[in-house]
Every structure is written in structure tokens, then in C-alpha cells.
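Student: Could you take one small part of this chain and walk me through its surroundings in detail? I would like to see how the pieces around that part fit together.

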Amino acid sequence: MLAPSSTPNHTRSMPSLAATGASSGIGQALALGYADNGVHLALAGRSQERLDQVAAACRAKGATVTTDVIDIRDRQRLRDWIISVDDDAPIDLAIANAGVTSGIGMGRLFEHPDIARNSRSARAAWLPTST
């Protein structure tokens, strides 16, 4: 279970988690794994239909859930979502799960720097600064 955050002026009992890529795969599994009574999940992904399915399963486990369709390459939209989620329920744990690899394979531990530099997904930061 996540530990609730507290500051001198703010104490809460409901932990809050924000996750991108939550509509399938590892993101879905993490959302379901953290779903519990007293946990707030803010889930983002590219498919509203799949997000709705994940959200329903998380709610059935007792979590409160909000969903949003986001393409993480849209830096301003991602930034606005993070700020909104954090304003509504300060984030205790952020899972930046969305993205596409350029093909790490056997014997290659890292993406080639030129591929990563040119990837639109690689340029999407978790909390980009406004331009």
C-alpha cells in the first residue's frame, strides 16, 4: 500500500497514484495491483474504452478512479493533466509507463542515441516545462 503524503499544512489518508499507459499491459497490471480501498488512481492512456474497463475493475477493488485519454507526445496536454491530477489529489506515486522503444535487443543494452534523440516519444518528458 502507498503511504499517504503529508506536509505541515496538509495531511490526507487517501494515497494517490497517477499512471500513463494504464489502458493495457504493464500499466493496466500496475493500476489493478495498486487498486484498493482508500486509493485514488488517475489513469491515462490512448483508448477510452480500455481505460473504462481498467477503471471499472479498479473501482470493483475499492479504488476511486479518474481517467483521461492522452497521447504523451502532446507535451502541453500531458503537463496540464499532471498539474490537474496533482491539484485534485496530490500525487504520491507517478508511473510514467507510456512510450515506445526503438528496439532494444539481444546484446544491446541501450537504445542508439541517434534513434532516441529523434524519437517523438523520447522527447515527451514526464513533466515538461511550458514553452
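**A close look at one strand**

Tutor: Gly45 lies in strand β4. Strands here are DSSP runs of E with at least two residues, helices are runs of H or I with at least four, and both are numbered from the N terminus. Before we go on, please keep in mind that this is a predicted model, in which local features need pLDDT of at least 70, side-chain atom pairs count only at pLDDT 80 or more, and totals for chains, interfaces and linings use all residues. Residues are numbered from 1 along each chain as its sequence is written, and side-chain values use heavy atoms, leaving out hydrogens and water.

Gly45 counts as buried because its relative accessibility is 5%; buried means under 20% relative accessible area, exposed over 50% and partly exposed in between, with a 1.4 Å probe and protein chains only. Leaving aside residues up to four places away in sequence, Gly45 touches Gly21, Ser23, Leu51, Asp68, Val69 and Ile70, where contact means heavy atoms within 4.5 Å. Take Ile70: this residue is 25 places from Gly45 along the chain, yet their C-alpha atoms are separated by 5.6 Å.

Now widen the view to the whole of β4, residues 40–45. Six of its six residues are buried. His40, Ala42 and Ala44 point one way, while Leu41, Leu43 and Gly45 point the other. In a regular strand, side chains alternate between the two faces of the sheet.

What order do the strands of the sheet take? Four strands form an open sheet, β5-β4-β3-β6, with parallel pairing; two strands pair if DSSP finds at least two bridges between them. The edges belong to β5 (64–69) and β6 (93–96), each of which has a single partner strand, so one side of each is left without a neighbour in the sheet. From one strand to the next, the twist averages 10°.

On one side of β4, four bridges join the strand to β3, and Ala18 stands opposite Ala42. The chain travels from β3 to β4 through helix α1 (residues 25–34) in a right-handed β-α-β crossover. Right-handed means that, with the strands pointing away from the viewer, the path from the first strand over the helix to the second runs clockwise. With β5, β4 shares six bridges, and Leu41 has Val65 as its bridge partner there. The route from β4 to β5 goes through helix α2 (residues 48–60), again as a right-handed β-α-β crossover.

Helix α3 (residues 75–88) lies across β3, β4 and β5 and runs at about 165° to β3. Axes are lines fitted to C-alpha atoms, for helices over the stretch in contact, and angles run from 0 to 180 degrees between N-to-C directions.

Next door, β3 (residues 16–20) includes Ser16, which is buried with a relative accessible area of 0%. Besides β4, β3 pairs with β6 over four bridges, and Ala18 stands opposite Ala94 there.
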